[in-house]
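Visitor: I should like to learn how to read the features of a protein model. Please take me through them in turn.

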Amino acid sequence: HIESHAHESSNTCEPCPYNSFIWNEESYLKKMIYDLDFVRDIPEAIDLFGSERIFHRNPFLLPHCIDEFVGETKHSSTAPWKDVSLHWICKASFLILLDEC
(Lines give C-alpha, C1' and ligand atoms only; values in the text may rest on other atoms or scores of the structure.)
Protein backbone atom coordinates (compact mmCIF):
# COMPACT_ATOMS: atom_id res chain seq x y z
CA HIS A 1 0.00 0.00 0.00
CA ILE A 2 1.43 3.35 -1.06
CA GLU A 3 0.78 6.43 1.03
CA SER A 4 0.85 9.97 -0.29
CA HIS A 5 2.49 12.51 1.98
CA ALA A 6 3.51 16.11 1.59
CA HIS A 7 7.11 16.25 2.80
CA GLU A 8 8.50 18.97 4.98
CA SER A 9 12.13 18.89 5.90
CA SER A 10 14.78 21.07 7.45
CA ASN A 11 17.56 19.23 5.59
CA THR A 12 19.67 21.09 3.09
CA CYS A 13 18.54 18.61 0.48
CA GLU A 14 14.83 19.30 0.27
CA PRO A 15 12.58 16.47 -0.90
CA CYS A 16 10.30 16.84 -3.84
CA PRO A 17 7.88 19.74 -3.19
CA TYR A 18 5.08 17.68 -4.68
CA ASN A 19 3.36 14.82 -2.90
CA SER A 20 5.79 11.97 -2.36
CA PHE A 21 4.70 8.38 -2.40
CA ILE A 22 5.96 6.35 0.54
CA TRP A 23 6.43 2.59 0.27
CA ASN A 24 7.72 0.78 3.37
CA GLU A 25 8.88 4.13 4.81
CA GLU A 26 10.90 4.90 1.67
CA SER A 27 10.18 7.37 -1.12
CA TYR A 28 8.76 5.33 -3.96
CA LEU A 29 9.80 7.99 -6.48
CA LYS A 30 13.40 7.45 -5.40
CA LYS A 31 12.98 3.66 -5.32
CA MET A 32 11.41 3.36 -8.78
CA ILE A 33 14.60 4.64 -10.43
CA TYR A 34 16.21 1.27 -9.68
CA ASP A 35 13.11 -0.97 -9.72
CA LEU A 36 13.99 -2.66 -13.01
CA ASP A 37 17.73 -3.03 -12.41
CA PHE A 38 17.23 -6.69 -11.42
CA VAL A 39 15.88 -7.50 -14.90
CA ARG A 40 19.38 -7.22 -16.38
CA ASP A 41 20.15 -10.53 -14.64
CA ILE A 42 17.47 -12.34 -16.68
CA PRO A 43 18.95 -13.72 -19.94
CA GLU A 44 15.57 -13.71 -21.74
CA ALA A 45 15.17 -10.00 -21.04
CA ILE A 46 18.63 -9.27 -22.47
CA ASP A 47 17.70 -11.31 -25.56
CA LEU A 48 14.49 -9.32 -25.97
CA PHE A 49 15.96 -5.83 -25.44
CA GLY A 50 19.49 -6.48 -26.69
CA SER A 51 21.38 -4.92 -23.78
CA GLU A 52 21.57 -5.16 -20.02
CA ARG A 53 22.31 -1.42 -19.92
CA ILE A 54 18.71 -0.54 -20.79
CA PHE A 55 17.48 -1.67 -17.36
CA HIS A 56 19.78 0.52 -15.24
CA ARG A 57 17.99 3.66 -13.92
CA ASN A 58 15.20 3.13 -16.44
CA PRO A 59 11.77 2.96 -14.74
CA PHE A 60 9.98 3.60 -18.06
CA LEU A 61 11.88 0.85 -19.94
CA LEU A 62 12.64 3.22 -22.79
CA PRO A 63 15.78 3.25 -24.97
CA HIS A 64 17.30 5.93 -22.68
CA CYS A 65 17.86 5.98 -18.91
CA ILE A 66 15.92 8.49 -16.82
CA ASP A 67 18.89 10.87 -16.51
CA GLU A 68 18.91 11.47 -20.27
CA PHE A 69 15.39 12.91 -20.27
CA VAL A 70 15.83 15.73 -17.76
CA GLY A 71 16.49 19.05 -19.42
CA GLU A 72 16.77 17.42 -22.83
CA THR A 73 14.78 18.50 -25.83
CA LYS A 74 16.43 16.18 -28.37
CA HIS A 75 14.22 13.26 -27.31
CA SER A 76 10.97 15.19 -27.57
CA SER A 77 10.40 14.44 -31.24
CA THR A 78 11.71 10.87 -31.43
CA ALA A 79 9.42 8.56 -29.47
CA PRO A 80 10.28 4.85 -29.64
CA TRP A 81 6.58 3.98 -29.86
CA LYS A 82 3.80 6.01 -31.43
CA ASP A 83 1.72 6.23 -28.24
CA VAL A 84 4.58 7.38 -25.95
CA SER A 85 4.68 11.09 -25.24
CA LEU A 86 8.29 11.93 -24.49
CA HIS A 87 7.17 15.39 -23.43
CA TRP A 88 5.42 13.77 -20.45
CA ILE A 89 8.26 11.30 -19.90
CA CYS A 90 10.63 14.28 -19.55
CA LYS A 91 8.31 15.94 -17.04
CA ALA A 92 7.89 12.72 -15.05
CA SER A 93 11.66 12.16 -15.08
CA PHE A 94 12.21 15.63 -13.68
CA LEU A 95 9.77 15.00 -10.82
CA ILE A 96 11.22 11.58 -10.03
CA LEU A 97 14.80 12.86 -9.98
CA LEU A 98 13.83 15.93 -7.96
CA ASP A 99 13.41 13.65 -4.94
CA GLU A 100 16.78 11.92 -5.49
CA CYS A 101 19.52 13.67 -3.59
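Guide: Let us begin with Phe94, which is found in helix H3. Please keep in mind that this is a predicted model.

Visitor: Is Phe94 to be read as buried, partly exposed or exposed, and why?

Guide: The reading rests on relative accessible area: under 20% is buried, over 50% is exposed, and values in between are partly exposed. Phe94 has 42% relative accessibility and therefore counts as partly exposed.

Visitor: Which residues form a nonpolar patch on the surface with Phe94?

Guide: Val70 and Leu95 join Phe94 in that patch, and together the three have about 220 Å² of accessible area.

Visitor: Let us turn to the interior. Which residues make up the largest nonpolar core?

Guide: A core of this kind is read as a set of buried nonpolar residues joined through side-chain atoms. Here the largest one has six residues: Leu29, Met32, Ile33, Ile66, Ile96 and Leu97. Helix H1 (28-32) and H3 are the elements that give two or more residues to this core. Another core, of five residues, lies apart from it and includes Leu62, Leu86, Ile89 and Cys90.

Visitor: Which residues does Ile96 touch, leaving aside those up to four places away in sequence?

Guide: Ile96 touches Leu29, Met32, Ile33, Phe60 and Ile66.

Visitor: How many salt bridges does the structure hold?

Guide: The general idea is that side chains of opposite charge can pair when their charged atoms come close. The structure holds three such salt bridges. In one of them, the side chains of Lys31 and Asp35 meet at 2.6 Å, N to O. Lys31 is partly exposed because its relative accessibility is 25%, and Asp35 is partly exposed because its value is 23%.

Visitor: How far apart are the closest N and O atoms of Arg40 and Asp37?

Guide: They are 3.9 Å apart, and the pair forms a salt bridge; the cut-off is within 4 Å. Arg40, at 31% relative accessibility, counts as partly exposed, whereas Asp37 is buried, with a relative accessible area of 11%.

Visitor: Where in the chain do Asp67 and Arg57 lie?

Guide: The side chains of Asp67 and Arg57 meet in a salt bridge of 2.7 Å, N to O. Both residues lie in the loop between helix H2 (43-49) and helix H3 (86-98), 10 residues apart, and the pair links distant parts of the chain.

Visitor: Is Arg57 buried or exposed, and why?

Guide: Arg57 has a relative accessible area of 11% and is therefore buried. Its partner Asp67 is partly exposed, because its relative accessible area is 35%.

How values were computed: Residues are numbered from 1 along each chain as its sequence is written. This is a predicted model: local features need pLDDT of at least 70, side-chain atom pairs count only at pLDDT 80 or more; totals for chains, interfaces and linings use all residues. Side-chain values use heavy atoms; hydrogens and water are left out. Buried means under 20% relative accessible area, exposed over 50%, partly exposed in between (1.4 Å probe, protein chains only). Helices (H or I, at least four residues) and strands (E, at least two) are DSSP runs, numbered from the N terminus. A nonpolar core is a set of buried Ala, Val, Leu, Ile, Met, Phe, Trp, Tyr and Cys residues joined through side-chain atoms within 4.5 Å. Contact means heavy atoms within 4.5 Å. Patches are made of residues with over 30% relative accessible area and no salt bridge: like charges are joined within 9 Å, nonpolar side chains (Val, Leu, Ile, Met, Phe, Trp, Tyr) within 5 Å. Accessible areas come from the Shrake-Rupley method with a 1.4 Å probe; for residues, only the protein chains shown count as cover.
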